[in-house]
Amino acid sequence: MAVAIISVLGKSHLSQGTALSIVALLIDLGMMIIFSLLFRLLAPKGWRRLGANVL
């Protein structure tokens with residue numbers, strides 16, 4: 001994905017490069033949400049408390 005973005009931006013297609021960057025960010029955000037939900041569902045109870053009392 002990064003190579004495609006750099007390639008498009010190198011050809012001065014700023015709108016396409018920006019669109020590809022936004023799509024990449026949305027994919028990353030979606031993966032973070034999925035992994036966070038899976039962690040909450042599948043992690044042992046003690047692991048979920050880690051870092052809860054940091055402040």
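Here is a short walk through this structure, from its overall shape down to a few single residues.

Keep in mind from the start that the model is predicted. The protein chain holds three helices and zero strands, so reading from the N terminus on, you will meet the elements in the order α-α-α. Two of these helices will keep us company below: α1, which covers residues 2-10, and α2, which covers residues 14-42.

Let us begin with the overall dimensions. Taken along the principal axes, the C-alpha atoms of the protein chain fill a box of roughly 50 × 25 × 15 Å. The radius of gyration tells a matching story: the protein chain has 18 Å, whereas a compact globule of 55 residues would have a value near 10 Å. Turning to the surface, the protein chain exposes about 4,900 Å², and carbon and sulfur atoms supply 72% of that area. Buried residues, in turn, make up 9% of the 55 residues.

Where might you look for a buried position? Try Gly17, which lies in helix α2. Its relative accessible area is 1%, and because the cut-off for a buried residue is under 20%, Gly17 counts as buried. Its surroundings are worth a look as well. Leaving aside neighbours within four places in sequence, Gly17 is in contact with Ile5, Val8 and Leu9. For Ile5, the C-alpha atom is separated from that of Gly17 by 5.3 Å, although the two residues are 12 apart along the chain.

Now step back to the loop between α1 and α2, where you will find Ser12. Ser12 has a relative accessible area of 60%; since exposed means over 50%, this residue is classed as exposed. Its backbone deserves a glance too. Most residues other than glycine have a negative phi. Phi of Ser12, however, is near 65 degrees, a positive value in a residue other than glycine.

Finally, follow the nonpolar side chains on the surface. Met1, Val23, Ile27, Met31, Ile34, Phe35, Leu38, Leu41 and Leu42 form a nonpolar patch there, with about 920 Å² of accessible area together. One of its members, Met31, has its place in helix α2. With a relative accessible area of 39%, Met31 is partly exposed. Why can a partly exposed residue such as Met31 belong to the patch? Patch residues need over 30% relative accessible area, and Met31 passes that cut-off because its value is 39%.

How values were computed. Residues numbered from 1 in each chain as written. Predicted model: local features only at pLDDT ≥ 70, side-chain atom pairs only at ≥ 80, totals over all residues. Heavy atoms only, no water. Patch = residues over 30% accessible without salt bridge, like charges linked within 9 Å, V, L, I, M, F, W, Y side chains within 5 Å. Areas by Shrake-Rupley, 256 points an atom, 1.4 Å probe, with all protein chains shown as cover. Salt bridge = Lys/Arg side-chain N within 4 Å of Asp/Glu carboxyl O. Helix = DSSP H or I, 4+ residues; strand = E, 2+ residues; numbered from the N terminus. Buried < 20%, exposed > 50% of the residue type's maximum accessible area, 1.4 Å probe, protein only. Rg over C-alpha atoms; globule rule 2.2 N^0.38 Å. Contact = heavy atoms within 4.5 Å.
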